[in-house]
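Reader: I'd love a close look at one part of this model, the strands and their turns, along with what sits around them. Please walk me through it piece by piece, and tell me where the backbone does something unusual.

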Amino acid sequence: MGKYTYTDEEKDFNKVLKMNQNESFSLEKRCSSQINRLDESINSSEVLLRSLGYNLPNKTVSKKEKTLSAEIQEIKPYKDLVRKANVEIQNDIELEDLLSEKEFQDAYKRLDAIHEEFSHKTSIVNKTDLMFLGIATALQITKSLLFGQIAKKFDYGNSFNPDDRLAHNDKSIEKEHRSANDEFKENHEKHGHGYWMNILYQTLPYDITKGSPAINRNMEGGYHRIHTLGHDPILGCIFGTANILTDTITFEDFKSNRVIRKPKMMITPESVSFTKLFSESFEMCKADSLNLPAVIFAEGCHLKSDEFTKLGLPVPILEAINPDFASKLYKSNYDALCFSRDLKIVGASAGISIFIDLIIGLVHGLFNKEKINKDLYEVRTRKILLISNSIASTSNIIQTVITNNPKNLDLGGLLVTLSHLFMDLRFISRIKEEFIRQELNKDLIKELERLDSI
C-alpha cells in the first residue's frame with residue numbers, strides 16, 4: 001500500500017496508464033527482437049556479397065519520409081480503454097507501480113517550481129492567504145454555477161411569447177386607461193377647464209405614423225415604438241412629455257417634427273429644433289400649472305398601457321445608441337420587460353459577489369495576528385479577491401471538473417465536490433499551473449502591480 005490515496009476515477013486512470021505502459025514495453029521488446037534478426041541477416045548477406053567480390057556502397061540514412069501503415073488501429077474512446085484495463089489488470093495500480101524514484105523526484109521538483117512560480121507571479125506566499133484564496137475561489141464558483149441554474153428558471157436572456165400578451169387595442173387596456181384618466185380629471189376638477197384635459201384624452205403625437213414617408217422615414221407600422229423616443233421607458237420621460245406638450249414627434253436620431261391634428265392627424269415636414277422643442281414645452285408649463293402634471297400622468301399611463309402588449313416597449317436608450325441592434329432585439333420579442341428582468345438577475349449576481357468579497361475581507365482581517373499595518377493587510381485581502389475572481393471565471397480545469405459531474409446540479413453535491421477539490425493538493429497544483437500558463441489579463445496585471453506598489 002503506497003502513501004497516496006486515490007478516487008475511483010484515478011484508480012481507473014492508473015490502470016489505463018499501466019496497460020499502456022505494458023503494451024509499450026511489449027512492443028519495444030518485439031521490435032527490438034525483429035530489428036536484431038534483420039541486422040543479423042543484413043550483416044551475413046553483406047559478408048557473402050563481399051566474399052564474392054562485390055563492392056557495397058556506404059550505409060546512408062534515407063531522407064525520404066516514411067508513411068505510417070494504413071493498418072494502424074483507430075484510437076479507442078477512453079471508456080473502452082478503462083473497460084479493457086479493468087479486464088487485463090485486476091489489482092489496483094499506484095504511482096509507485098508506474099514511476100521510478102527519479103521520476104518521483106522530478107515530479108516533486110516540478111510541483112515545487114509551480115508553487116514558487118505562482119507565489120512569484122501573485123506575491124501570495126502566506127499559507128493563510130492561500131487558504132483564503134481557495135475558499136474565495138470555491139465560493140465564487142458556487143455563485144457562478146448557481147447563478148446559471150437560477151437564471152434559467154427565471155428565463156434569463158429569453159424573449160417573451162407574444163401569445164401571452166394582449167393586443168395593443170385590447171378592450172381591457174382601453175378601459176383601464178380611460179378609468180385612470182377619469183380619476184385624474186375628477187381629482188382636479190376644481191382647477192377648472194383647460195388644455196390639461198385635452199392632454200389626458202387626445203391621441204398622443206408620437207403614436208402617429210401617417211406622413212412619415214413624406215419625410216423619408218420608415219416607421220415600420222406596428223414597430224413604430226422603436227423609432228420614437230416617446231416610447232422609450234427612460235428617454236420618454238423627457239422627449240415624450242415634450243412631444244405631448246408641443247404636438248411633436250422625436251425620432252431615434254433625436255430629430256423632431258411637428259404633428260398636426262386637422263384636417264387629419266399626421267406628421268408634417270416641419271422640423272423642430274431642440275431649443276424650440278423645450279422652449280415651447282416650458283411656455284406650455286407656464287401657461288397652466290396643471291399642464292405638466294397632466295402630461296407626466298399621460299406619458300406614464302401610455303407607457304404602462306403599451307408595456308404588456310404583444311410588441312411591448314423597446315429596451316431603454318438602446319435605439320438612440322445602436323438602432324440596428326435595438327431593432328433586431330425588439331423584433332425578436334426582447335423588450336423592456338425582458339431587459340428589466342435580466343437586469344435584476346445580473347444585479348442579484350453582482351450583489352452576491354460583493355457580499356462574498358465582504359465576508360472574505362472581514363474574516364481574513366481577523367487573521368491579522370501579526371498586527372500588520374491595516375492598509376497593507378487590506379492590500380493582501382484585495383489581491384486574494386482579485387485573483388480568486390480571475391481563477392473562478394477563467395479556469396477551464398475547474399469548469400470541466402465541476403460541470404461534468406451530475407451531482408453538482410444540486411447545492412449539496414456542489415459544495416461537497418468543491419470542498420474535496422480545494423483540499424486536494426494535486427488539484428490545487430493543476431489550478432496554479434493553469435493560472436501561470438494562461439496569459440494574464442492586462443487589467444489584472446496592472447491591478448496586481450498597483451497593489452504591489454502600495
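Author: Happy to! When I speak of strands and helices, I mean DSSP runs numbered from the N terminus: a strand is a run of E with at least two residues, and a helix a run of H or I with at least four. Please keep in mind that this is a predicted model.

Let's start with strand β2, which covers residues 256-260. Four of its five residues are buried, so the strand is mostly covered. On one side, β2 pairs with strand β1 (residues 248-250) through three bridges, and the two run antiparallel. One of these pairings links isoleucine 249 to asparagine 257 in β2. Strand β2 also pairs with β3 (residues 266-272), again antiparallel, through four bridges. Here serine 256 has valine 272 of β3 as its bridge partner.

Now for the turns. The hairpin of β1 and β2 has five residues between its strands, and a hairpin of five residues also joins β2 to β3. Each loop holds something for you to inspect. Phenylalanine 254 lies in the loop between β1 and β2, and its phi is near 70 degrees, a positive value in a residue that is not glycine. Phenylalanine 254 has a relative accessible area of 31%, and because that falls between the 20% and 50% cut-offs it counts as partly exposed. In the loop between β2 and β3 you will find proline 263. The peptide bond that joins lysine 262 to proline 263 is cis, with omega about 0 degrees. Why point these out? Most residues other than glycine have a negative phi, and most peptide bonds are trans.

If you would like another positive phi to set beside phenylalanine 254, go to isoleucine 317. Its phi is about 70 degrees, although it is not a glycine. Isoleucine 317 belongs to the loop between α10 (291-307) and α11 (318-321), and at 32% relative accessibility it is partly exposed.

What does strand β1 have around it? Threonine 228 is a good place to look. It lies in the loop between α7 (195-201) and α8 (236-246), and with a relative accessible area of 0% it is buried. Leaving aside neighbours within four places in sequence, threonine 228 is in contact with Tyr206, Met219, Ile249, Thr250 and Phe251. Among these is Ile249, the residue bridged to asparagine 257 above. The side chain of threonine 228 also has a polar atom 3.2 Å from the backbone oxygen of histidine 224. Farther along the sequence, alanine 320 is 92 residues away from threonine 228, yet their C-alpha atoms are separated by 9.6 Å.

Helix α8 brings us to one last stop. Serine 281 is found in helix α9 (residues 274-287). Beyond the neighbours within four places in sequence, serine 281 is in contact with Ala242, Leu245 and Thr246; α8 spans residues 236-246. Serine 281 has a relative accessibility of 7%, which is under the 20% cut-off and therefore buried.

To recap the part you asked about: β2 pairs antiparallel with β1 and with β3, the first hairpin holds a positive phi at phenylalanine 254, and the loop between β2 and β3 contains proline 263, joined to lysine 262 by the cis bond.

Conventions:
Residues numbered from 1 in each chain as written. Predicted model: local features only at pLDDT ≥ 70, side-chain atom pairs only at ≥ 80, totals over all residues. Heavy atoms only, no water. Buried < 20%, exposed > 50% of the residue type's maximum accessible area, 1.4 Å probe, protein only. Contact = heavy atoms within 4.5 Å. Pairing = 2+ DSSP bridges. Polar contact = N/O pair within 3.5 Å; in protein donor to acceptor, adjacent residues only side chain to side chain.
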